[in-house]
Amino acid sequence: MTKPAKAKAVPPAAEAEDTDGKSIFGFWVYLMTDCVLFASLFATYAVLHNNTFGGPSGSQLFSLPFVLTETLILLTSSFTCGLGVLSAYNGQKNKVVAWFSVTFLLGASFLAMELTEFSHLVHDGNSWTRSGFLSAFFTLVGTHGLHITIGLLWMAVLMLQVLRKGLGRATVKRLTLFSLFWHFLDLIWIFIFTIVYLLGALKI
Amino acid sequence: MSQSKPLIVSHHQAGRPTLKAYVSGYVSSIVLTLAAYLLVAHHLLSRQTAIAAVVGLALTQFLAQLLFFLHLGTEAKPRWKLMVFLFMVMIVFILVFGSLWIMSNLNYRMTPQQVNTYMRNQDGL
């Protein structure tokens, strides 16, 4: 304490907060590397999207209104997730549980719609073995769906934690990390929606 | 520790999300998504213009969500998040455009017609 002004006294709360800041940054770095993973799948899709091997192309397979519904559902879930985090910062436990339940339901419906689309494609003989285009399509969209699945599991675990332990510092930090993950998945979906579905419909 | 109210506080306050940010992000994303969808579904523009417009709308929505949902740009200096983000953008750019460039070049050079001509010239086939 007698040292010059530069060496400020660090209260324990600030120290813990600094660690939280570091884990948020670390998670951010993970998200950015995940972007690189998706970029490689997008690049693969861009290279292969015309290699239909005599099979159907994107504009023949995809239903735009269906995909728009999926997009709006995921977007809304991203928004409600943000509202959940805001309630967590304000210490409103019931609101956190409510908003995250809504987010979970929206995420689950998104995943259900995606699986419906996949099963229709496979049922009509347009599975990933049909052409290079479909292999790339299933890999790209499937990887996103896998992330959503993991996100749903993570969300379920977090909700249990909130219910059992309340909103401690660690739980709020986890909710923050989760919200970053969920918003990130919505970010990736913008590009899937645009590149795969909209540009596919324009027969680029 | 036993306090229940104050959680993430003080200097992280700078990067703390607000209701206003989430609402702005949500509304702008919906508008941009619907605009892109209507453009394509109702053939409002010529094909080339539509492609450019749709890509532009996607990039705008990307930026909007980065700002409003992922709170990029609200952190205090030094802006490490922003730097990692920009590095990611560079890698993604190289990866995507590099792949497209290489593959289209390969495609161009390896068309059967040219392969035939090459073989005829080189090997007298």
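**A friendly note on the A–B complex**

1. A good place to begin is where the two chains meet: 44 residues of chain A and 42 residues of chain B take part in the contact. On the chain B side, α1, α2 and α3 (80-109) each supply at least two residues. The largest share of that side comes from α3(B), with 12 residues. Sorted by class, the side of chain B that touches chain A holds 30 nonpolar, eight polar and four charged residues.

2. Please keep in mind that this is a predicted model. For the complex, the predictor gives an ipTM of 0.89 and a pTM of 0.87. Chain B has an average pLDDT of 84, and 82% of its residues score at least 70.

3. Confidence varies along chain B. It is highest in α1(B), at a mean of 96, and lowest in helix α4 (residues 112-123) of chain B, at 70. Residues 1-14 of chain B have a pLDDT below 50, and this stretch has 19 contacts in the model beyond near neighbours in sequence.

4. Next, have a look at two helices within chain B. Helix α1 (residues 19-41) and helix α2 (residues 47-68) of chain B have axes that come within 9 Å and cross at roughly 170°. Angles over 145 degrees count as roughly antiparallel, and the crossing therefore makes α1(B) roughly antiparallel to α2(B).

5. Which residues bring these two helices together? From α1(B), the residues that meet α2(B) include B:Tyr22, B:Ser28, B:Leu32, B:Ala36 and B:Leu39. In α2(B), B:Val54, B:Leu57, B:Gln61 and B:Phe68 are among the residues that meet α1(B). The residues of the contact of α1(B) with α2(B) divide into 14 nonpolar, eight polar and no charged.

6. Both chains also share in the largest nonpolar core, which has 67 residues. The members touching the most other members are A:Phe42, A:Ile192, A:Leu198, B:Ala36 and B:Val54. B:Ala36 and B:Val54 also belong to the contact of α1(B) with α2(B). As general background, nonpolar side chains tend to be buried together in soluble globular proteins.

7. Which helices build this core? In chain A, α1 (12-48), α3 (64-89), α4 (93-123), α5 (132-165) and α6 (169-201) each supply at least two residues, as do α1 and α2 of chain B. The most comes from α6(A), which gives 19 residues.

8. Finally, a closer look at one core member, A:Ile192. Leaving aside neighbours within four places in sequence, A:Ile192 is in contact with A:Leu140, A:Val141 and A:His144.

Methods. Residues are numbered from 1 along each chain as its sequence is written. Chains are lettered from A and ligands numbered from 1 in the order in which they are written. This is a predicted model: local features need pLDDT of at least 70, side-chain atom pairs count only at pLDDT 80 or more; totals for chains, interfaces and linings use all residues. Axes are lines fitted to C-alpha atoms, for helices over the stretch in contact, and angles run from 0 to 180 degrees between N-to-C directions. Helices (H or I, at least four residues) and strands (E, at least two) are DSSP runs, numbered from the N terminus. Angles under 35 degrees count as roughly parallel, over 145 as roughly antiparallel, 65 to 115 as roughly perpendicular and the rest as oblique. Two residues are in contact if their C-beta atoms, placed from the backbone, lie within 7 Å. Ala, Val, Leu, Ile, Met, Phe, Trp, Tyr, Cys and Pro count as nonpolar, Asp, Glu, Lys and Arg as charged, and the others, Gly among them, as polar. pLDDT is the predictor's confidence in each residue, from 0 to 100. A nonpolar core is a set of buried Ala, Val, Leu, Ile, Met, Phe, Trp, Tyr and Cys residues joined through C-beta atoms within 7 Å. A residue is buried if 20 or more other C-beta atoms lie within 10 Å of its own, exposed if 12 or fewer, and partly exposed in between; C-beta atoms are placed from the backbone.
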